[in-house]
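Reader: I am new to this structure. Please take one part and look at it closely, then show me what lies around it.

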Amino acid sequence: MVTQLRAGFLWGASTAAHQVEGDNVNSDWWVREQQRPPEQRSGSAVDSYHRYPEDMRLLAEAGLDAYRFSIEWARIEPAEGQFSLAQLAHYRRMIDTALETGLRPVVTLHHFTCPRWFAEHGGWLGERAIPQFERYVERVTAILDGVDWVCTINEPNMLAMMESLAAAYRSGEFSATVEEGRPPVLPAPDPQVGARLAAAHHAARAILKSHTGAAVGWTVAAGALTATPGNETILREVREVREDFYWRAAREDDFVGVQAYSSQQVDERGVVPTPPSPDNTLTGAAYRPDALGAAVRHAWDVTGGVPILVTENGIATADDERRIAYTADALRHLFAAIDAGVDIRGYLHWSALDNYEWGHWEPTFGLIAVDRETFERVPKPSLAWLGNVAKQGGL
């Protein structure tokens, strides 16, 4: 059976501003990097702030037709209430370059980072957090002409988890020590932060719908969790806190972004740590390309049938043949979900470039390698392979 993809199905790759642009000195993450050595720092990252035309050209020449990138709030509003016209013009040039290159821009308004002043005022739990975010979104709508897809907030469940993690570090309840090849189980998202993020998303959606013609949604980190025998009830409880609240918050959206990489089990104690294995990825995650199919099916069920855009899927590996094998298998599971009736609007690979992975440089997810001293871009075979999949309309 040949999977019939929707007309206009997006084939592309994704990045996040802080991970690729470099020198994002007004963001909370930049401050955090300076305060918490020996974590690696982003520095100049891969200099996509200046080299984005080359990045886009490489994607388009390979055969992809979409590029997801984020606008950096800390650049747009470096001081509260003070907006940079130069930075607004910069991101408008990025949108224009994507369109001129033949790439449909998928723009994310918030990808983990905030202005440092926002963080100093309490972050998402600050008294004025939502109107502050609304003000930023309102200003950005002026540069979104021609953008058909807008993600308001990237992985709000991970953002809320980061707040829980920070609290656990402060209290000493969470150790930074990670057994080699076995990542720790991260704490559950902070529900108070999650509720604030949902309110911020809905407020941003209303602004975007009134000022633009773009389809609006947010993206959710999907764990593709499964239950060990007899623990189905606990699985439902864990899913509710870690994912399902966020899927339901998207029920009135035009689409929801699914971001899936691997899978974990849930037993009577909760999420089970991934056991060590030579097959694990560079982040310690299990090699589970089937996670994508499970994730989109679950999102489809919980949202009640909101169209899905795969906004991230990929593997941290230094072996590009393994990247191709993983992606091919993930796409087979995605196509099976489409054949089963799930409305999928596109596939955006994570990531376009080897980049800064939030404290580390070693995990390489990119379709394009980058020399961190010269910034030379070297497309990997996986980029040509995915471009051919896009040109053929499937495997």
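Author: What follows starts with one strand and the loop after it, then moves outward.

The model is predicted: local features need pLDDT of at least 70, side-chain atom pairs count only at pLDDT 80 or more, and totals for chains, interfaces and linings use all residues. Residues are numbered from 1 along each chain as its sequence is written, and side-chain values use heavy atoms, with hydrogens and water left out.

Start with strand E3, residues 104–108. Strands here are DSSP runs of E with at least two residues, helices are runs of H or I with at least four, and both are numbered from the N terminus. E3 is largely enclosed by the rest of the structure, because 4 of its 5 residues are buried. Buried means under 20% relative accessible area, exposed means over 50%, and partly exposed lies in between (1.4 Å probe, protein chains only).

E3 has strand E2 (residues 66–70) as a partner, parallel and joined by 5 bridges. Two strands count as paired if DSSP finds at least two bridges between them. Ala-66 has Arg-104 of E3 as its bridge partner. E3 also runs parallel to strand E4 (residues 149–154), and 3 bridges join them. There, Val-107 is matched with Val-150 in E4. Strands of a sheet pair through backbone hydrogen bonds, either parallel or antiparallel.

Now follow the chain out of E3. A loop leads to helix H6, residues 116–120, and Thr-113 sits in that loop. Phe-112 lies in this loop too. Its backbone stands out: phi is positive, about 75 degrees, although Phe-112 is not a glycine. Phe-112 counts as buried because its relative accessibility is 6%.

Thr-113 is buried as well, at 4% relative accessibility. What does its side chain meet? It makes a polar contact with the side chain of Glu-72, at 2.8 Å. A polar contact is a pair of N or O atoms within 3.5 Å; within protein, one must be able to donate a hydrogen and the other to accept it, and residues adjacent in sequence count only if both atoms are side-chain atoms. Contact in general means heavy atoms within 4.5 Å. By that rule, and leaving aside neighbours within four places in sequence, Thr-113 is in contact with His-18, Asn-24, Ser-27, Asp-28, Trp-29, Glu-72 and Trp-358.

Another positive phi occurs at Asp-23. Its value is near 55 degrees, in a residue other than glycine. Asp-23 lies in the loop between helix H1 (17–20) and helix H2 (28–35). It counts as partly exposed, because its relative accessibility is 41%.

At the far end of the loop after E3 comes H6, which holds Glu-120. Glu-120 counts as exposed, at 60% relative accessibility. Glu-120 and Asp-354 are 234 residues apart in sequence and 31 Å apart in space, C-alpha to C-alpha.

Go back to E3 for its packing. Ile-71 touches Val-107 and Thr-108, among others, not counting residues up to four places away in sequence. Its contacts also include Ile-76, Tyr-91, Leu-109 and Leu-144. Ile-71 belongs to the largest nonpolar core, which has 99 residues. A nonpolar core is a set of buried Ala, Val, Leu, Ile, Met, Phe, Trp, Tyr and Cys residues joined through side-chain atoms within 4.5 Å. Trp-11, Ile-71, Trp-124, Leu-144 and Trp-218 touch the most other members. Helix H9 (residues 191–211) gives the most to this core, with 8 residues. Another core lies apart from it, with 9 residues, among them Trp-149, Cys-151, Phe-255 and Leu-309.

Leu-309 leads to another strand pair. It stands opposite Gly-346 in E11. Strand E10 (residues 308–312) pairs with E11 in the parallel sense, over 3 bridges. The chain crosses from E10 through helix H12 (residues 320–339) to E11, and this β-α-β crossover is right-handed. Right-handed means that, with the strands pointing away from the viewer, the path from the first strand over the helix to the second runs clockwise.

E11 (residues 344–350) is mostly covered, with 6 of its 7 residues buried. Strand E1 (residues 10–14) pairs with E11 in the parallel sense over 5 bridges. In that pair, Ser-14 stands opposite Trp-350. A cis peptide bond joins Trp-350 to Ser-351, with omega about 5 degrees. Ser-351 is in the loop between E11 and strand E12 (368–370).
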